[in-house]
Every structure is written in structure tokens, then in C-alpha cells.
Amino acid sequence: MKNTVLIISLFFLFSCQNSFPLVVAKNKSNSNAAITSAFAKATTEPTTLNDTTFVNLKDYSAEFVLDMKYATDDNFLKTKVYDCPECYLRLKTLKSLISANEAFLKLGYHLKLFDCYRPLSIQKKMWKIVNDPQYVADPAKGSIHNRGGAVDLTLVDADGKELDMGTPFDYFGEKAGHNYTDLPEKVLKNRRLLKKIMLENNFLSFDSEWWHYNLKDAAKDSLSDFKWKCK
């Protein structure tokens, strides 16, 4: 009996020591100084993953709010194009995104994600529905979303309420652009905060869409049609 208990104990000890980066649970009672660093865990845990490997965000952090619009019909396409809502990105994109989110956490905000990596086959499906390059990237050229280096996002407060950015996500018009300034100062301040921290964490903004950010040099990565499994 003692030997059995010893074996079981050793098994659990070994499993914990070789686990992948921990998921960080939300804890509103933590002070900003005590926020657990998911980014530090992701970069210090031993791993053989290449920076271009596709990974699932929820395996690394629970400090994001996910609202994957294209896994619902609540989007400009008015139809669901993903089988299930997941946020996959290349590992290097995820590292920068977690770093940015930690900067927002210290200010009392969380990043809310609308879209992450988008398989090329999904891009083709979207193109069939709306074949206008003003709204959907031509799959013949592909987009940074198809390369695992783009994210569509906004900020929410501690209660999960979205900060006012002046337009909804996927609003196609001049008002959604970074250079449009005929907006209340509070809205402009929110956009500037989002942009400032994203740019400080290795992302580039997209002039016509306040919610869209590309990882620097992501355009060099190949288009992908990797598809995640739905559970």
C-alpha cells in the first residue's frame, strides 16, 4: 500500500514539473503589483515549440475576454463561418499579445478579442459571401489573419464593459479610422491608449480599423490553412 501511494505521488510530482505554461485565472482582488505574469511563464517554461507554431491562447492565459464574432452570426457577414470559437495565433504573436495585455491589466483593463488566426479556407468562404476587397481580403493574396499574426480587439473594464471606441467592431466607414478625430475626447483617449500599448508591444496599427493590429514582420510568414479541432 505504501509503495502504491509513493508511486502515485511521484507521478503527480513529475506531471506538474513538466506541465505546459499555466493558465492564469482572473482574480479581481489582486493588486496590480501582484498580477501573475502569464507572459513570464510562457517564456520561461521549457519548450521545444518554434515561434511560428500555432498555439491556443487559452492554454497560456485566462486574462483575456473572448468574443469570437465569426463563430456567431453577429458580424457583418450575418453568418457563422467558424465551426467553434477559438483564438489560435503563432507563438510569437501570442507572446507579444500577452505582454500587451499585462500592461492593460495594470491599468485595470483586459483585452477583448474578436478574431485571431483565420484559416485560408475561411477567408475563401468569407470572400464568397462578400467579394469586395474593401471589406474582405482577397484570398488570392491572403491577409495577416491567415498568417497567424493579426488580432481584432478592444478594451474592457474590470466589469467586462467595453470602452467606447466610437464605432462597433467591423464598422466600415471613415469614422473607424485612426486618423478620424471628430469624436468625443473620451473616445479619442481610449483609442490612443489601445494604440500606444499595442505599438509598444511589437504590433502595427491598421489605419482604417481601430480594432485591427498586426505583429511586426508577420507578413513574412506563410499563409496557412491549419484548422483547430472543435471539442
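A disulfide is taken here as a pair of cysteine sulfur atoms within 2.5 Å. By this rule the structure has two disulfides. The model is a predicted one, in which local features need pLDDT of at least 70 and side-chain atom pairs count only at pLDDT 80 or more, whereas totals for chains, interfaces and linings use all residues. Residues are numbered from 1 along each chain as its sequence is written, and side-chain values use heavy atoms, with hydrogens and water left out.

**Exercise 1. Disulfides**

Task: Identify the cysteines joined in each disulfide, and state which parts of the chain each bond ties together.

Solution.

Step 1. Cys84 and Cys230 form a disulfide with sulfur atoms 2.0 Å apart. The torsion about their S-S bond is about -90 degrees, so this disulfide is left-handed. Helices (H or I, at least four residues) and strands (E, at least two) are DSSP runs, numbered from the N terminus. Cys84 lies in the loop between strand 2 and strand 3, and Cys230 in the segment after strand 7, so the bond ties together parts that are 146 residues apart in sequence.

Step 2. Cys87 is joined to Cys116, S to S 2.0 Å. With a torsion of about -95 degrees about the S-S bond, the disulfide of Cys87 and Cys116 is left-handed. Cys87 lies in the loop between strand 2 and strand 3 and Cys116 in the loop between strand 4 and helix 4, so this pair ties together parts 29 residues apart in sequence.

Step 3. Counting bonded cysteines along the chain, the disulfides follow the pattern 1-4, 2-3.

Step 4. Accessibility is then assigned: buried means under 20% relative accessible area, exposed over 50%, and partly exposed in between (1.4 Å probe, protein chains only). Cys84 counts as buried at 11%, whereas Cys230 is partly exposed at 39%. Cys87 and Cys116 are both buried.

**Exercise 2. Aromatic pairs**

Task: Classify the pair Tyr88 and Phe226 and the pair Tyr117 and Trp228 by ring geometry.

Solution.

Step 1. Rings of Phe, Tyr and Trp (its six-membered ring) pair if their centres lie within 6.5 Å; planes under 30 degrees apart count as stacked, over 60 as edge-to-face and the rest as tilted. The structure holds 15 aromatic pairs.

Step 2. Tyr88 and Phe226 are 5.4 Å apart, centre to centre, with 65 degrees between the planes, and the pair is edge-to-face. Tyr88 lies in strand 3 and Phe226 in the segment after strand 7 (209-215), so the pair ties together parts that are 138 residues apart in sequence. Tyr88 counts as buried at 15% relative accessibility, and Phe226 as partly exposed at 29%.

Step 3. The ring centres of Tyr117 and Trp228 are 6.3 Å apart and the planes are at 70 degrees, so this pair is edge-to-face. Tyr117 is in the loop between strand 4 (110-115) and helix 4, and Trp228 is in the segment after strand 7, 111 residues apart. Both Tyr117 and Trp228 are buried.

**Exercise 3. Two buried residues**

Task: Describe the surroundings of Asn75 and of Leu91.

Solution.

Step 1. Asn75 lies in the loop between strand 2 (65-66) and strand 3 (88-90) and is buried, with a relative accessible area of 6%. The Asn75 side chain reaches the backbone nitrogen of Leu77 at 2.8 Å.

Step 2. Contact means heavy atoms within 4.5 Å. Leaving aside neighbours within four places in sequence, Asn75 is in contact with Lys69 and Tyr70.

Step 3. Leu91 is found in helix 3 (residues 91-105) and is buried, at 4% relative accessible area. Not counting residues up to four places away in sequence, Leu91 touches Leu49, Asn50, Asp51, Thr53, Val55 and Tyr60. Leu91 and Asn50 are 41 residues apart in sequence, yet 7.4 Å apart in space, C-alpha to C-alpha.

**Exercise 4. A helix face and a hairpin**

Task: Determine how the buried residues of helix 4 are arranged, and how strand 6 and strand 7 pair.

Solution.

Step 1. The buried residues of helix 4 (residues 120-129) are Leu120, Ile122, Gln123 and Met126. Seen down the helix axis, these residues fall within an arc of 155 degrees, so they line one face of helix 4. The arc is that of the directions from the helix axis to the C-beta atoms.

Step 2. Two strands pair if DSSP finds at least two bridges between them. Strand 6 (residues 203-206) and strand 7 pair in the antiparallel sense over four bridges. Leu204 has Asn214 of strand 7 as its bridge partner, and a hairpin joins strand 6 to strand 7 through two residues.

How values were computed
Polar contact = N/O pair within 3.5 Å; in protein donor to acceptor, adjacent residues only side chain to side chain.
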